[in-house]
Structures are given as structure tokens and as C-alpha cells.
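Reader: I've got the sequence and the model open side by side, and I'd like to know what stands behind the labels people put on it. Can you take me through a few?

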Amino acid sequence: MRRRARRHGLVLVRALWIVMCAALLAVSGVAWSTVSELEAGVERSYAIAPDAPKSQNAVNILIMGLTTRLDLQGQPLPDDLLQRMRAGESDRGGYNANTLILLHIPRDGSAAVAMSVPRDNLVTLSGVPSGPQTGKIKEAYGRAKELEERRLRSSGEDDARVLERAGREAGRRAQVLTVSAFLNVPIDHLVEISLVGFFHIATKLGGVDVCLNRATRDDMSGADFQAGPQQLNAPQALSFVRQRHGLANGDLDRTRRAQAFLAYLVSRLKSADVVAVRALIDVAKEDVVLSDGLDLVGLAEHLPSEVRFHTLPVEGGAVVDGQSVNRVDERRVQAAVSDLTAPAAVQPQPPPGIPCVD
């Protein structure tokens, strides 16, 4: 019996997870009405305009994991839930998109590619109401949200729910435009999940298997792990994906941990029973936001059985205005994306089993 597990930074998992659930239901022989039920129960975003550029021969989905400790309506989470998550108070985290993954799904059935965009990349932030700015790529969402809410308040709007909804839509729009411009690819759909969403999903998994190259400890995240393969319970799983202090490559190592968790999740979904999948679907309807027009049934019909994970390149660290950032070469990043998504690209096969990470 697997122990219960919850987690955080790997928030990104959710989007890929929800798509994989639809595919799993299909191959398990479950009626499509079950998938339709999932689609009907998930909140929709209209941040991607109907006339936005579209991908050719593939579907590009931006998976965004937010740091916020609030629910979809902007309300604080219950104190007992926050305590179980070990993630601090409800006013922590803000609205940074700390997890950004571009999931590229070819229509020809070849392997999908999940490309992680390091959150501290210094880029031009597009779609922010006050005009293009420079900042960490994760900040586009929060800056746009704040400015849109300020604009609405100045015009007399004072309904908290209206402000939250409009602010989040502005944030999603800016984050999509920023990542699309940085990677030089169209983004067809988005999937958003916050910390509590990941926590709920990880709880339903009933255990997380990981492998570490070396023992590590970090009081900031609560991480305290031995080397080698091991099974994590809920608080440990959250610490695993949140840890960045005490790791040789900081956030880049945390990104690889997110990928390791995703690899484990995909393996679980491939072998999960229908009851487990239905339980996860019930959770999805509470915490996930999907872009309007994202057809899970149609997507499931074309979803490949293999997903390959990559981290897009950075040039090194720097300090700008007192903040640590990643220096990036946009041309090199865009060339990497082009290579990874080329129809004839043959990527190296990952070793079987759970990957060991730092």
C-alpha cells in the first residue's frame, strides 16, 4: 500500500496529468461521458485569443504552476490545510508562475516533448498593461494581474471576485505572450494549477517514489532525504519538489526534480486502475484552469504513450537590481526548441525506471 503523498513546485504535473487521465480513460474502456464530465467541471480561461497564431501539425500547451496559497477565487486556504502542506501562510507566494513547461504534442503520434523553462530567466515581459518590461519570466503573470486590478479599481470596480477573475485572466494572457515570444512558438492552450491543486493530486497518488544521487537536507523546505531510491509521504513529497537550497544548481536542480516527479506520475497513470483515475478527476475539477477550446477527448485520441523531458538552456547566473537571475541567449533557446520539436528529431531514450536526481 503506497503511503499518501502531496507536493508543490511540481504543480506543472497537473496539466500533463489531466491530459494523461483522458487518454488513460480511453484505453481503459471507460465511457467518453466520463471525460466529458471532467471537461464540464473544470474552470475555463479565455486568455488566449481565438485569432492567436496556431501550431501546425502539433499542439503546444503551456503548463503554469503558480506559487499562490489562495484558491481559484482568491480566498485563503483553511489553516489546517496550510499546516498539512507545510507551505507557510496564505499570504505567501504571490502570483509568480514558478513552474513553466511547454508540452509539445505532435499530431503524428510521435513522442511528446515537455520543455521546462527556468523560472528566473531574464526576459522581456510581454502583455503587461503598462507595456513591455524586463524581468524574470515567472513575473509576467503577477505584474499583469496587479496592474489590471489597479486599473479596474481606478474605474470604480470594487467586487473582489470580479477583480480576481479579471486580474488572473490578464496574468494568464501576459504569461502566455511572454513565453510564446521567448520561445518563438505559438501556444495553443494553457493549463494552470496552484500549490493546493498539486497538494490535492499528490494526496490521491498514495505515495511518491524518487531516487536521489546523494543525501540532502534543507531546513527552508523541510527536505531531509537519504541517497538512493525511496518512497516519500505527503510532507516529504512537497519538500522534495520545493527544495532549492543545498542543491548544487539551485532552481535548475529543482526543475529536474519536477521532471522526475512527472516521469513517475506518467508511469503511475499508465498502470493506474480506473477507480484511481476517477479519484484524480474529482480533484482536477476543484483546482485546475484550462483554456477555452482545449478538447480533452480529441487530445486524448492523439496523445502519444511517451513523453520526453528537457530543460531549456541558460548561459549562467547574474545579479540584476539586487536579484539573482539567469542570463539567457534567446537564439540558443529558440534553436533548442526548434530541434526538440522538429518532426524528424530523434531524441535519446531515457533509461528505464525512476531517474535519479540531485
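Author: Sure, starting with pairing: two strands pair if DSSP finds at least two bridges between them. Keep in mind that this is a predicted model. In strand E12, the bridge partner of Glu43 is Val289.

Reader: How do you know that E1 and E12 pair, and in which sense do they run?

Author: Strand E1 (residues 43-45) and E12 share three bridges, and the rule asks for at least two, so they count as paired. The sense is parallel.

Reader: What makes E7 a partner of E12 too?

Author: Again it's the bridges: three of them join strand E7 (residues 189-193) to E12, against a required two at least, so this is a pair as well. Here the strands run antiparallel. Val289 turns up again, as the bridge partner of Glu192.

Reader: Why are both faces of E12 called covered?

Author: Look at the side chains of residues 288-291: Val288 and Leu290 on one side are buried, and so are Val289 and Ser291 on the other. Buried means under 20% relative accessible area.

Reader: On to rings. What makes Tyr95 and Tyr141 a stacked pair?

Author: By the rule used here there are two aromatic pairs. For Tyr95 and Tyr141 the ring centres are 6.3 Å apart and the planes differ by 5 degrees. The limits are 6.5 Å for the centres and under 30 degrees for stacking, so the pair passes both. Tyr95 sits in the loop between helix H3 and strand E3 and Tyr141 in helix H4, so the pair ties together parts that are 46 residues apart in sequence.

Reader: Why is Phe225 with Phe240 called edge-to-face?

Author: Their planes are 70 degrees apart, with 6.2 Å centre to centre. Edge-to-face takes over 60 degrees, so the name fits. Phe225 belongs to strand E10 and Phe240 to helix H7, 15 residues apart.

Reader: How do you know whether those four rings are buried or exposed?

Author: Set each value against the 20% limit for buried. Tyr95 comes in at 13% and Tyr141 at 0%, while Phe225 has 4% and Phe240 has 1%. Each is therefore under the limit and counts as buried.

Reader: What makes you say that the buried residues of H11 share a side?

Author: The buried ones are Val333, Gln334, Ala336, Val337 and Leu340. They cover an arc of only 155 degrees around the axis, which puts them on the same side of H11. In an α-helix, residues three or four places apart point the same way, because there are 3.6 residues a turn. On the other side of H11, Arg331 and Asp339 are exposed. Strand E4, helix H5 and strand E13 are among what covers the buried residues.

Reader: Why is Asp329 called a cap?

Author: One of its side-chain oxygens lies 3.0 Å from the backbone nitrogen of Arg331, at the N-terminal end of H11. A polar contact needs N or O atoms within 3.5 Å, so that distance qualifies.

Reader: And why is H6 described as mostly covered?

Author: Nine of the eleven residues in helix H6 (residues 195-205) are buried, including Leu195, Phe198, Phe199 and Ile201. Right after H6 comes Gly206, with a positive phi of about 75 degrees. Over the whole protein, 56% of the 358 residues count as buried.

Terms used
Residues numbered from 1 in each chain as written. Predicted model: local features only at pLDDT ≥ 70, side-chain atom pairs only at ≥ 80, totals over all residues. Heavy atoms only, no water. Buried < 20%, exposed > 50% of the residue type's maximum accessible area, 1.4 Å probe, protein only. Helix = DSSP H or I, 4+ residues; strand = E, 2+ residues; numbered from the N terminus. Arc of directions from axis to C-beta. Contact = heavy atoms within 4.5 Å. Polar contact = N/O pair within 3.5 Å; in protein donor to acceptor, adjacent residues only side chain to side chain. Phe/Tyr/Trp six-rings, centres within 6.5 Å; stacked < 30°, edge-to-face > 60°.
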